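Me: Could you take me through one part of this structure up close? I'd like to look at the sheet and whatever sits around it.

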Amino acid sequence: MSWRATVLTLFPEVFPGVLDASLPGKARKEGLWMLETLDIRSFARDKHASVDDTPYGGGAGMVLRPDVMDDALAGAEASFGPHARRLYLSPRGRLFDQALAKELAGEPSVLFVCGRYEGLDQRVIDARGLEEVSIGDFVLAGGEIAAMAVIEACVRLIPGVLGNEATVDEESFSEGLLEYPHYTRPAEWKGVRVPEVLLSGNHEKIRGWRREQAEEITQKRRPDLYETYVLTKKETKGRVS
Ligand code: ADE
């Protein structure tokens, strides 16, 4: 059975967009994953097809109406069942990371709700048990780019999508570290040589060098990740001995 992403959006025409490029696009054509988009506007109730209204209490912007969104969510549930994870992309959400990507990629289907304007009425978020997820501490104009980012991170974890499964194990975050630097031909470029160890053919040494580099770069750039990595390493050692 293939992984399925259902997206509720006011802009279904922007999908699949970048998700149809390269290996994720090829995998979709091969049926390794499916993408379904539902237009929120098609669930509007009046002849003007309005989906939003002004916020109670005043203030800037518009809020997506709970009745329209609830119908849209019921419509989505009709096609993917009531038990799938339902994500609402929002800057207020839990920060998306590789661990959540792994979790979601392991689900049979995931619903992505994309807000626009000031977002959804809180009552429909609560009533439908939407999980709020953010892709970073910045504000986008809507959830579509965030949904695409999350979908792409999940899709590349689906077995068969990348071709070489080892890639996923060695990349950034897989062990709580940022990735080591990569080099390819030519061995010397603009007077800079590739680190000699990579040309040595000694795989043990290369592994050691890559780990050192990954640790160094993580400590420098992401002390938060490095601290967790060191603690996890200590804990694992404690359990083994
Ligand atoms: N919608 C607007 N900003 C967002 C963000 N940072 N993450 C997820 N969804 C969003």
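Reply: **A look at the sheet**

In this predicted model, 5 strands form an open sheet in the order 2-1-6-5-7, and their pairing is parallel. The edges belong to strand 2 (33-39) and strand 7 (131-134); each has a single partner strand, so one side of each is left without a neighbour in the sheet. Don't picture the sheet as flat, though: neighbouring strands are turned by 35 degrees against each other on average, direction ignored.

As for what holds such a thing together, strands of a sheet pair through backbone hydrogen bonds, either parallel or antiparallel. Let's zoom in on one pair here. Strand 1 (residues 3-9) runs parallel to strand 2, and 7 bridges join them. Within that pair, you'll find Val 7 opposite Thr 37 of strand 2.

Now for the helices. Helix 2 (residues 66-80) lies across strand 1, strand 2, strand 5 (85-95) and strand 6 (109-114), and runs at about 160 degrees to strand 1. Helix 3 (residues 98-105) lies across strand 1, strand 5, strand 6 and strand 7, at about 170 degrees to strand 5.

One last stop: the cysteines. Cys 114 is buried, at 0% relative accessibility, and Cys 154 is buried too, with a relative accessible area of 0%. Are they bonded or apart? The sulfur of Cys 154 has its closest cysteine sulfur in Cys 114, 14 Å away, and that is too far for a bond. A disulfide needs the two sulfur atoms within 2.5 Å, and the structure holds 0 disulfides.

Methods
Residues are numbered from 1 along each chain as its sequence is written. This is a predicted model: local features need pLDDT of at least 70, side-chain atom pairs count only at pLDDT 80 or more; totals for chains, interfaces and linings use all residues. Side-chain values use heavy atoms; hydrogens and water are left out. Two strands pair if DSSP finds at least two bridges between them. Helices (H or I, at least four residues) and strands (E, at least two) are DSSP runs, numbered from the N terminus. Axes are lines fitted to C-alpha atoms, for helices over the stretch in contact, and angles run from 0 to 180 degrees between N-to-C directions. Contact means heavy atoms within 4.5 Å. Buried means under 20% relative accessible area, exposed over 50%, partly exposed in between (1.4 Å probe, protein chains only).
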